[in-house]
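Okay, hi everyone. I'd like to walk you through the ligand site and the empty space in this one, so let me put it on the screen.

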Amino acid sequence: MLRAMVVGRRFDRQAGALTRQGRLAVYPSSHGQEACQVGGVLALAEDDWLFPTYRDCVALVTRGVDPVEVLTLLRGDWHSGYDPDRHRCAPQCTPLATNASHAVGLTYAARRKGRDTAALVLMGDGATSEGDAHEAYNFAAVWNTPVVFLIQNNQWAISVPVHRQTAAPTLAHKAIGYGMRGYHVDGNDAAAVHAVVSRALAEARAGGGPAIIEAQTYRIDPHTNADAPQRYRDDAEVEAWRRRDPIARLEALLRAEGVVDDAGMRRIEDAAEELAARVRERLSGDPEPDPAELFAHVYAAPTAQLARQRRELLDETREG
Ligand SMILES: Cc1ncc(C[n+]2csc(CCOP(=O)(O)OP(=O)(O)O)c2C)c(N)n1
């Protein structure tokens with residue numbers, strides 16, 4: 001977990017730099033949320049599925065998706081960038097909470113086929129206010145599908161603080177209303193996140209139904225590179241959360257237990273630097289996407305409307 005978190009943070013920093021260089025259009029940082037994403041993903045079994053959002057690039061890298069493929073969409077190239085079936089990772093959803101109902105559908109279908117595939121849905125605190133979240137929670141509970149909804153409560157939905165998002169005592173309380181298990185966990189403690197997600201997935205696979213886990217964490221960086229957080233939050237708040245850094249905490253624990261030492265940390269950091277260098281090198285050129293591909297994999301048989309839009313786009317880009 002420590003290695004994945006250090007590598008994930010280095011990847012995250014590299015992606016931010018590539019954005020400033022104009023190599024990526026936009027990048028939503030995972031900085032501060034590594035314990036949630038790594039602890040959650042490492043609790044998944046091989047055949048389980050991950051349903052990430054735009055925020056969850058570190059989760060995808062941890063799942064073994066090629067880091068360059070993770071960033072492909074953000075370069076403005078291709079729809080997902082990676083093969084969802086190969087990694088059992090759904091494409092990252094930007095429309096909030098839409099990934100939640102996809103996960104319910106996938107696990108429901110798997111159960112009908114006699115498989116015990118479970119799914120982990122990553123979602124933000126803001127996403128819990130969406131209609132799609134309600135529908136997904138409700139269907140998951142009524143159909144008893146093996147889905148674990150891991151809410152990364154990073155305290156902010158862009159400029160909206162969590163106390164403006166809900167009047168519930170905690171987001172985990174929402175589970176009660178849907179008739180499922182609810183857990184509340186320190187989202188900056190990787191071991192705790194891993195333990196509670198593992199338990200919830202095991203219970204779900206054994207027929208115990210879905211669960212909502214609220215992990216308390218913090219988005220250290222701006223919402224994306226296009227955000228100006230100094231307009232809505234205090235530096236003192238950010239500093240207080242920096243002191244609860246999930247990587248420093250896990251490192252301190254593992255050093256105290258004699259699992260890792262200076263040499264071990266150096267090996268991890270070297271691996272992280274190597275990954276960052278490979279990402280930099282492979283993203284140093286510009287993609288040359290074919291605009292027509294935008295329409296290629298939407299439907300098996302394109303609708304008349306899409307065919308018309310495709311013609312219009314090709315006419316426009318030819319003129320341009
Ligand atoms: C359905 C929908 N409505 C609005 C948006 C615009 N939007 C993008 S991110 C965001 C905030 C989401 O906050 P949260 O769910 O807490 O996730 P975080 O970005 O903090 O990880 C909003 C409102 C969107 N992507 N999708």
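**The ligand and its pockets**

So, starting with the ligand: there are 15 residues around it, and the ones that come nearest are Tyr-54, Arg-55, Thr-94, Gly-126 and Ala-127. "Around" here means that a heavy atom of the residue lies within 4 Å of the ligand. Before I go on, the caveats: this is a predicted model, where local features need pLDDT of at least 70 and side-chain atom pairs count only at pLDDT 80 or more, while totals for chains, interfaces and linings use all residues. Numbering runs from 1 along each chain as its sequence is written, and side-chain values use heavy atoms, with hydrogens and water left out.

By class, that shell has seven nonpolar, five polar and three charged residues. For the classes, Ala, Val, Leu, Ile, Met, Phe, Trp, Tyr, Cys and Pro are nonpolar, Asp, Glu, Lys and Arg are charged, and the others, Gly among them, are polar.

Now, polar contacts, meaning pairs of N or O atoms within 3.5 Å. A ligand nitrogen is 2.9 Å from a polar backbone atom of Thr-94. A ligand oxygen is 2.8 Å from a polar backbone atom of Gly-126. There's also a ligand oxygen 3.4 Å from a side-chain N or O atom of His-223. On its own the ligand has 580 Å² of accessible area, and the protein covers 72% of that (Shrake-Rupley, 1.4 Å probe).

Which pocket does the ligand sit in? The second largest one, where sitting means that more than half of its atoms lie within 2 Å of the pocket's grid points. A pocket, on a 1 Å grid over the protein atoms alone, is an open set of points with protein on both sides within 12 Å along at least five of seven lines; a cavity is a set where a 1.4 Å probe fits but cannot get out, and lining residues have an atom within 4 Å of a point.

That second largest pocket has a volume of about 230 Å³, counted as the space filled by probe spheres on the points. It has 17 lining residues, with Tyr-54, Leu-96, Gly-124, Ala-157 and His-223 closest to the centre.

And the largest pocket? That's about 460 Å³, lined by 22 residues, with Arg-9, Asp-12, Arg-13, His-31 and Asp-221 nearest its centre. α1 gives the most to that lining, nine residues. The classes there are seven nonpolar, six polar and nine charged.

Last thing: the structure holds one cavity of 30 Å³ or more, with about 40 Å³ of space in it. Its lining includes Tyr-54, Leu-96, Gly-124 and Ala-127, and by class has six nonpolar, three polar and no charged residues. That's me done, thanks.

Methods:
A polar contact is a pair of N or O atoms within 3.5 Å; within protein, one must be able to donate a hydrogen and the other to accept it, and residues adjacent in sequence count only if both atoms are side-chain atoms. Helices (H or I, at least four residues) and strands (E, at least two) are DSSP runs, numbered from the N terminus.
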